[in-house]
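Please open the structure in your viewer and display it as a cartoon. The tour below proceeds from the whole protein to individual helices, with a selection to make at each stop.

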Amino acid sequence: MAGSGHGSGGPPAPSPRYRYLDLLFALLGTAAFLVDLVADLWVAASYMQAGHCLWGGLVLALLGLSSLAMQCFSWAWYRTDNVELELPSGRCLAALHLLQLGYLYRCLRVLRAGWRACRVETAQERDYAVFLSHDISMLRLFETFLEGTPQLTLVLSIVLHTNKLEPFQGLGIFTASLCVAWSLLDYHQSLRCFLLDKHELGPLSSTIYFLWNFLLICPRVLAVALFATLFPCYVGLHFLGIWAAMLLWVWLQGTDFMECPRWEWFYRATVAVILYFCWFNVSKGQTRQRSTIYHGFILVDSVLLAGSWLWHNAPLHERSFLLPVLLAALVCFVLGLLLRIAYYKWFHPTLQVQCQASYDEVDTAEGLAGFRAGPVPAPVNRRMYQLSQNHFLVSLQAG
């Protein structure tokens with residue numbers, strides 16, 4: 001089964017709870033998605049009315065491409081998962097996704113299942129609500145880095161180019177930043193969901209996880225935005241070059257996220273976009289070397305982008321305020337790396353096993369080295385379970 005696994009034998013470990021707080025977060029996440037959608041349309045319409053059709057078209061293109069990617073992932077998961085309850089017919093589901101309503105439909109199903117889980121408190125409703133929320137978390141992360149972060153870069157580059165900030169641009173920057181922050185926190189919460197109580201992470205660890213990611217993303221966005229103001233025609237080539245390198249790197253790590261090989265390549269292409277802005281772990285084992293190589297590469301690339309902008313704009317007269325901003329961005333990057341080191345040294349539950357194992361082998365009632373094993377036949381979201389292992393599991397060589 002693509003999206004679920006079942007434990008067997010022995011007393012089951014407690015499965016994740018679904019609380020009213022989780023339901024509130026699901027409701028706020030759905031509301032944030034709708035607010036961000038309205039803000040994006042307002043930004044695009046404002047650019048069109050001002051005569052900047054190219055800028056408005058780019059905003060709509062980012063919105064359309066991210067929506068199309070989310071619908072494709074959602075449709076692929078519906079086709080392979082066998083744990084969905086009370087689903088409409090295949091034609092109805094296909095129509096919803098063709099109309100770009102698949103993600104919103106999933107959000108409504110999560111709210112409905114979460115309300116039932118909080119009211120009825122049956123194991124089936126609770127496990128089903130948790131299962132659905134994990135897919136929403138993953139789709140929200142994809143949407144953030146396919147649309148939110150690129151649009152934040154675009155709007156910031158336009159502001160730097162025009163040297164003024166319009167109200168709708170301020171709203172766009174605020175909503176995009178809010179979606180980035182929300183998706184990072186929600187993703188980390190979903191990863192934590194699979195840990196046993198003794199390994200669960202507190203609010204402080206989630207805060208540090210969010211901070212080091214956000215502090216590393218902001219300088220990257222600023223560097224790309226500065227480069228885009230100077231070389232708008234070449235920023236696309238830069239993105240394609242880095243994206244191709246990241247795609248090759250992801251492929252070499254041998255990801256196994258989707259059931260179909262064609263969909264796996266689609267997932268790898270999406271992860272390559274995420275890696276253009278932010279670190280994303282896609283395989284188990286010691287990640288220190290991979291992370292060091294990645295952050296070193298991104299640091300050099302970002303310095304080159306910002307340095308090329310400084311070289312062509314020195315001395316700074318009209319934009320003298322950008323020099324302290326660049327220094328602050330460098331400080332943010334260093335601080336983000338220090339917080340990342342602190343997170344993995346003191347707040348990251350390093351879970352060790354002796355060898356790699358497939359999902360069916362490790363999904364037992366005893367759990368995998370601190371991971372939950374739900375009651376029989378609790379549905380387990382294999383996709384998020386695998387990413388949770390990538391994040392928390394340190395696999396040692398046998399012998």
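**The whole protein**

Begin with the surface display: the accessible surface of this protein comes to about 18,600 Å², and carbon and sulfur atoms hold 68% of that area. Please bear in mind that the model is predicted. Return to the cartoon, where the secondary structure amounts to 13 helices and 2 strands. Of the 399 residues in the protein, 54% are buried. Among contacts with a separation of 6 or more, 77% join residues that lie 24 or more positions apart.

**Helix α4**

Next, select residues 102-120, which form helix α4. This helix has 19 residues, and its span from first C-alpha to last is 27 Å, close to the expected 27 Å. Which residues of α4 are buried? Show the side chains and locate, among others, Y103, Y105, R106, L111 and C118, as well as the glycines G102 and G114. To see what surrounds the buried residues of α4, add α1 (20-49), α2 (53-80), α3 (90-98) and α5 (123-162), against which they pack.

**Where α2 meets α9**

Keep α2 and add helix α9, residues 261-277. Two packed helices are described by the angle between their axes and the distance between the axes. Here the angle is about 140° and the axes are 12 Å apart; the crossing is left-handed. Select A69, C72, F73 and A76 on α2, then W263, F266, Y267 and T270 on α9, since these residues make the contact. By type, the residues of this contact comprise 7 nonpolar, 1 polar and no charged.

How values were computed. Residues are numbered from 1 along each chain as its sequence is written. This is a predicted model: local features need pLDDT of at least 70, side-chain atom pairs count only at pLDDT 80 or more; totals for chains, interfaces and linings use all residues. Side-chain values use heavy atoms; hydrogens and water are left out. Helices (H or I, at least four residues) and strands (E, at least two) are DSSP runs, numbered from the N terminus. The expected span of a helix is 1.5 Å times one less than its number of residues. Buried means under 20% relative accessible area, exposed over 50%, partly exposed in between (1.4 Å probe, protein chains only). Contact means heavy atoms within 4.5 Å. Accessible areas come from the Shrake-Rupley method with a 1.4 Å probe; for residues, only the protein chains shown count as cover. Axes are lines fitted to C-alpha atoms, for helices over the stretch in contact, and angles run from 0 to 180 degrees between N-to-C directions. A crossing is left-handed if the near helix is turned anticlockwise from the far one by less than a right angle, and right-handed if clockwise. Ala, Val, Leu, Ile, Met, Phe, Trp, Tyr, Cys and Pro count as nonpolar, Asp, Glu, Lys and Arg as charged, and the others, Gly among them, as polar.
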